Amino acid sequence: MAVGDELPGLTAGEVAQRLADGRANDAPQPTSRTVADILRENVFTLFNAILTVCFAAVLLLGDLRDGLFYGVVVANALIGIVQEVRAKLVLDRLALLSTPEVAVKRDGLREIVPLAGVVQDDILVLRPGDQVPADATVLAGDDLVVDEAMLTGESDPVVKVVGDPLLSGSHIVGGSGYARVTAVGAASYANRLTTEIKRHSLVHSELRAATNRILVVLSWILGPVILVTLLGRVSTYGGVAEIANLGDGDWRAALRDAVASVVGMIPEGLVLLISLAFGVAAIRLAGHKVLIEELAAVEVLARVDVLCLDKTGTLTSGELVFDRIVFDPAVDADPGLGAAAARALGAFGADDAGNLTARVLGGHFSTDGATISTRLPFGSVRKYSGVALEHEGEPSAWLFGAPERLLANHPDRLAAANDIAATGHRTLALVRLHGDLPPDAATDPSDADLTPAALVVFRESVRPQATETLAYFAGQGVRVVVMSGDNPLTVAALARRLGLPGETVNAASLDDDDALTAALGRANLFGRVSPDQKRRVVAILQSQGRTVAMTGDGVNDAMAIKDADLGIAMGAATPATKAASRLVLLDNRFDRLPEVLDLGRRVIANVERVANLFLSKTVYGILIALTMAALALPFPFLPRQLTLVSALAIGIPSFVLALAPNKRIYTPGVLRRIVRYAVPTGIIAAATALSAFLPLYHRVPLGEARSVTTVALFVVSLAILVALARPLTGPRLALVVTMTVAMVLACSVPFGRMFFAISVQPNPALAFGIGVGLLGAAGIELVYRSARRRGVIFDRV
């Protein structure tokens, strides 16, 4: 009797009792950030705190028009909250489709139940690729090997024997077995360490890193600059003693100037736009059944220049179909051997913990009453499995697996297997073993007494979109490396069907990293690749400065997926593989990846563009504030006037540009390019504003000087926008025209003139201001053309 038959598991009544008692594995874990986290991160920020203090100062002034900037702050926060909550709800709903299922024994039968349906004392059926759903104790096992790296930090897999504990959250990487659940829900090990597990690593986001560095630098700069600005305002209006005289109105002017100075420095929408771009991308991908475990993963695919693929389940449908059995000629001389071979195949198919191949066999062969005494589970190292059974008092032992491992001493049968494999069919060998099953993976089956019995042939269908998808990546400069555990001849046949050029390397012949590195230098197709070799391929490519994505669905792909810069799992992947990934293609469609790549490129290219807008404003805001503080002159703008320019030349356009199509291929160095463009354009904008204000300050009323300077700043800011929005076609041209018309209306319509305190007339002062603005625009054009030549900025694609 097989071990599984001796473990009937709980009865339906016992399960119901445990569910009623609350002994189920129902400790929910958030699949994304909580609403409280989203609220906190969008409301309680350094910039919001600074601007809130400024708004409080405006309330003291009594003129809420100068508090218009705070409406932008509130709008930014609301947009960010709504968008991120929306993305959270979509991703949480989508995550339900990716919830792992668990195999258990109940009432003597193997059942598949949801993760939350596991109860105390359930008998778990464990096989390679399974994630242990709750703490358990091993009851039986055949070469049971467990990866506990994410829980204990132990990098090497651990062999488990009867009586050993299993930690929830660990993964089965080899062998099979049964275990009894000892702790469920919140009491299990993994749930007690949820936070630590979820933090095991974050994908590297260049946008996130660049933004964080910018925010850190600005945080250090703004404190001293604001202090200097406040001291300058005090000095401008007669010092502390004069301002303290509440009967004098100078304290109001000083406070208003201080608010305008600070508001001009803050890039209030920068972080919001990055979150918005990621959130919109996540929602769009969710519509295509792509689950993003981490929003920044969208950006990472845009940086990928090597895509490693498993064959089965990625390039092929993963639906293995029994094709035929080719018996050895010896069967003709011994008909009983054919019947025994069929029973052996039925025994392989009757394994509760069997892999996909075993489950396919179970639908075509039966044990015909034979009893199974021992099993040897499939291992990626040995590349075969074994079973010992007895039928009508006659014992027999069988091995089933890779032909080159089992038929090494039978070259004619190996040649026949290779001929079938060369047609693109998966071909496995069944041999009868005269003796006991091998004790471990190190045993070489070629030393055993084996009799070939049959070749078992399976077929897989190539995904309809695979050829087109691979051609797309080739056209985008992304190298594709196919790594399969199948026969190299089968891989080569598939490559021909997909139009992939080059030789196919047998990875089993590559003994060390030097040989593997050399093979990667000449080939992109590999067969008989072990799980460890997949990890080493990823590491070698990363050491060469490549950004690597790994796609797969089997447990043999899980560790390579975890090590890659971006891990991508198919929807039908094993729980271990999904747990290690950042993207899950829920409908198993490999052709979804181009859409992910396009969205990633759009995010990173567009955010780089709009970051230039915001940081240019910060640069000119700081320079103007420091200059006016040093000169002890009134600030050139009212707060509401700066808000008008920022909204029309930066805020509104940045939302449009951040979500516009852009397929520009990723180029490293985002932060360096932003600084090299934003600083000179910010300096030109500051020089333009100062050149307009200083000559007019003593020649016209202060209100008119500020109004003319506002127009000049808008002209040069519009030039920055025009440069970054190129090519000006369709909607982008309409955007620029709309913003220009809005500014003209604000300066000409009575309500706009009154609200924004714009007092300009068609006179020499206005002409002077527009002229200075145009000179600044010419300077921006020169910087833009120089930046394009030097690769600092790129046009949209």
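The paragraphs below lead through a predicted model, from its overall make-up to the packing of one helix and then to a few individual residues.

The protein has 797 residues, of which 56% count as buried, and its secondary structure comes to 31 helices and 21 strands. When contacts between residues at least 6 apart in sequence are considered, 74% of them join residues at least 24 apart.

Helix 25, which spans residues 593-631, offers a good place to begin, and its packing can be followed against two other helices. Against helix 28, formed by residues 702-725, helix 25 packs at an angle of about 155°, and the two axes lie 9 Å apart. Because angles over 145 degrees count as roughly antiparallel, helix 25 and helix 28 are described as roughly antiparallel to each other. The crossing of helix 25 with helix 28 is right-handed. On the side of helix 25 the contact is made by R609, N612, L613, S616 and Y620, which meet L713, S717, I720, L721, A723, L724 and A725 of helix 28. Sorted by class, the residues of this contact comprise eight nonpolar, three polar and one charged.

The second partner is helix 27, residues 670-697, whose axis comes within 7 Å of that of helix 25 and crosses that axis at roughly 40°. Such an angle makes helix 25 oblique to helix 27. Here too the crossing is right-handed, and the residues in contact divide into 21 nonpolar, five polar and two charged.

Where helix 28 gives way to the next helix, the backbone has a feature worth inspecting. P727 sits in the loop between helix 28 and helix 29, the latter covering residues 731-748, and the peptide bond leading from R726 to P727 is cis, with omega near 0°. Most peptide bonds are trans, and most residues other than glycine have a negative phi.

Two residues in loops bear on the second part of that general statement. N588 lies in the loop between strand 21 (583-585) and helix 25, and, although not a glycine, N588 has a positive phi of about 60°. E392 is likewise not a glycine and has a positive phi of about 55°; its loop connects strand 12 (384-391) with strand 13 (394-401). The relative accessibility of E392 is 76%, so E392 counts as exposed, the threshold for that class being over 50%.

A further loop residue, N487, has its place between strand 16 (479-483) and helix 20 (488-498). Is N487 buried or exposed? Its relative accessibility is 9%, and because buried means under 20%, N487 counts as buried. The surroundings of N487 can be described through its contacts: leaving aside residues up to four places away in sequence, N487 touches E404, N418, A421 and R528. With N418, the side chain of N487 makes a side-chain to side-chain polar contact of 3.3 Å. A polar atom of the N487 side chain also lies 2.8 Å from the backbone nitrogen of L489. The side chain of N487 thus has one polar partner in the side chain of N418 and another in the backbone of L489.

Taken together, these details can be followed in the model from the right-handed crossings of helix 25 with helix 28 and with helix 27, through the cis peptide bond from R726 to P727, to the exposed E392 and the buried N487.

Note on methods: Residues are numbered from 1 along each chain as its sequence is written. This is a predicted model: local features need pLDDT of at least 70, side-chain atom pairs count only at pLDDT 80 or more; totals for chains, interfaces and linings use all residues. Side-chain values use heavy atoms; hydrogens and water are left out. Axes are lines fitted to C-alpha atoms, for helices over the stretch in contact, and angles run from 0 to 180 degrees between N-to-C directions. Helices (H or I, at least four residues) and strands (E, at least two) are DSSP runs, numbered from the N terminus. Angles under 35 degrees count as roughly parallel, over 145 as roughly antiparallel, 65 to 115 as roughly perpendicular and the rest as oblique. A crossing is left-handed if the near helix is turned anticlockwise from the far one by less than a right angle, and right-handed if clockwise. Contact means heavy atoms within 4.5 Å. Ala, Val, Leu, Ile, Met, Phe, Trp, Tyr, Cys and Pro count as nonpolar, Asp, Glu, Lys and Arg as charged, and the others, Gly among them, as polar. Buried means under 20% relative accessible area, exposed over 50%, partly exposed in between (1.4 Å probe, protein chains only). A polar contact is a pair of N or O atoms within 3.5 Å; within protein, one must be able to donate a hydrogen and the other to accept it, and residues adjacent in sequence count only if both atoms are side-chain atoms.
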